[in-house]
Amino acid sequence: MKFLIITNVIHIKNDQYFAYAPYVREMNVWLKFVDEVIIIAPLRKAKSTEIDISYKKDKINFIKVPDFSFTNFKNNIISIFKLPLICWRIFWAMKNADHIHLRCPGNMGMLGCFIQIMFPNKKKTAKFAGNWDFTSKQPWTYNLQKRILNNTFLTRNMTVLVYGEWENQTKNIKSFFTATYSENEKEIVQKKDLDSVIEFIFVGSLVTGKNPLYAIRLVEKLVGKENNVILNLYGEGIERNILENYIKKNKLEKNIFLHGNKNQETIKKAYQKSHFIILPSKSEGWPKAIAEGMFWGCVPIATEVSCIAQMLDNGQRGVILQMNLDKDVVQLETIIKNKIEFYTKSDNASKWSTKYTLDFFEDEIKKVINY
């Protein structure tokens, strides 16, 4: 089977093709069930970083396309001239493939959504990694991709994988999940007593959308109320300097720590010793960090976006942020002072998340490819 991947993810070529680790780790599962892979994506000359890994596939036909965006007038003009070449390469790759796989939402995914209409008889899958909730406020390009994928007249012979259960799903939409840990990694993690240092963890890009500053301000409020708490942040992004300055200005160096990007094993150990995983994000698909933290018994603290309320069972497995500092501090102090509630939520979180292992994920992907 010739398996075509159309993605926005920027790749790096050294001896092998490298890209963002969570994406490649997932695609390596898909590629276990195919003979040959064709990848259409932007390619950049650079050194791979700690958060990049390579595909576990020898036979890769990589078709390079230029990166493009419509963020301002200049980019709009440049992108218009790039589109004919990109569309031409996508069309011929689709024609030569046995199975078309789109990664959405994204600019490349959007082009793929349009061009796949011309191949109604080809086997196709799409992974919509964003928020599938049609009532949420999102960029118009995201909504356009959702409407095409959700339309069974335009999009035929395709299974679309989305996060969460939603009303009015068409027959080609399949609620799905993602996974990080295998069945044999399961273990009982005994959290330190809440009378000791209470550890919060944030894992994600240090950007406005992930709202790391709110996580810092929340922990700052808890510190101000004489709670023995610390916050460890893992990730990099354009807001790092802002966060560093805020920490320094408010004398939080003993309670809040920026660790930068770290590998999977380091993050795993951090989850294991943390009590809470916090993500005050403005938009999510399947918040991987939340699911990973829950796997290790961290009580999740997150905003009510996408399928998060479903993941947290409307608060039975965690805390849903109201994005009001005073109200959210009250929520957290309540659970910090109630050990039974903390350990109940921790246990509920772990029991739910440990169902979604890589082994289960692999079985489900195999079914999707062979549908």
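Okay, one definition before I start: buried means under 20% relative accessible area. Keep that cut-off in mind, and keep in mind too that this is a predicted model.

Let's begin with helix H3, residues 107-115. How many of its nine residues are buried? Eight of the nine, so the rest of the structure largely encloses this helix. Going along it, the buried ones are Asn107, Met108, Gly109, Met110, Leu111, Gly112, Cys113 and Ile115. And what do they pack against? Two helices, H2 (73-96) and H4 (140-149), plus strands E1 (2-6), E4 (36-41) and E8 (99-104).

Next, a sheet. It's an open one with four strands, in the order E5-E2-E3-E6, and the pairing is mixed. At the edges sit E5 (43-44) and E6 (52-54), each of which pairs on one side only. In the middle of that order, let's take E2 and E3. E2 covers residues 11-13 and E3 covers residues 17-20, and the two pair in the antiparallel sense over two bridges. Three residues make the hairpin that joins E2 to E3. If you want a residue to click on, Ile12 has Phe18 in E3 as its bridge partner. Helix H1, residues 21-30, packs on this sheet, where it touches E2, E3 and E6, and its direction makes about 115 degrees with that of E3.

Then there's the other neighbour of E3. E3 and E6 also pair in the antiparallel sense, here over three bridges. Phe18 turns up again: its bridge partner in E6 is Ser54. So much for the sheet.

On to charges. The structure holds 17 salt bridges, and I'll walk you through three pairs.

Pair one is Glu26 with Lys127, where the closest N and O atoms are 2.8 Å apart. Glu26 is in helix H1 and Lys127 in strand E9 (residues 123-128), so to speak a long-distance call: the pair links distant parts of the chain, 101 residues apart. Buried or exposed, these two? Glu26 is buried, and Lys127 is buried as well.

Pair two is Glu36 and Lys59, with 3.7 Å between the closest N and O atoms. Here Glu36 lies in strand E4, while Lys59 lies in the loop between E6 and strand E7 (60-64), so the salt bridge ties together parts that are 23 residues apart in sequence. How do the two partners compare with the cut-offs? Glu36 has 17% relative accessibility, so it counts as buried. Lys59, at 51% relative accessibility, counts as exposed.

Pair three is Asp195 and Lys339, where the closest N and O atoms are 2.8 Å apart. Asp195 is in the loop between strand E11 (173-176) and strand E12 (198-203), Lys339 is in helix H11 (residues 339-353), and the pair links these distant parts of the chain, 144 residues apart. Asp195 counts as exposed, at 61% relative accessibility. Lys339 comes in at 33% and counts as partly exposed.

One last thing, and it takes us back to pair one. Which residues do salt bridges with shared partners join into one network? Glu26, Arg103 and Lys127. If you have the model open, have a look at those three. That's it from me.

Definitions and conventions:
Residues numbered from 1 in each chain as written. Predicted model: local features only at pLDDT ≥ 70, side-chain atom pairs only at ≥ 80, totals over all residues. Heavy atoms only, no water. Buried < 20%, exposed > 50% of the residue type's maximum accessible area, 1.4 Å probe, protein only. Contact = heavy atoms within 4.5 Å. Pairing = 2+ DSSP bridges. Axes fitted to C-alpha atoms, helices over the stretch in contact; angles between N-to-C directions. Salt bridge = Lys/Arg side-chain N within 4 Å of Asp/Glu carboxyl O.
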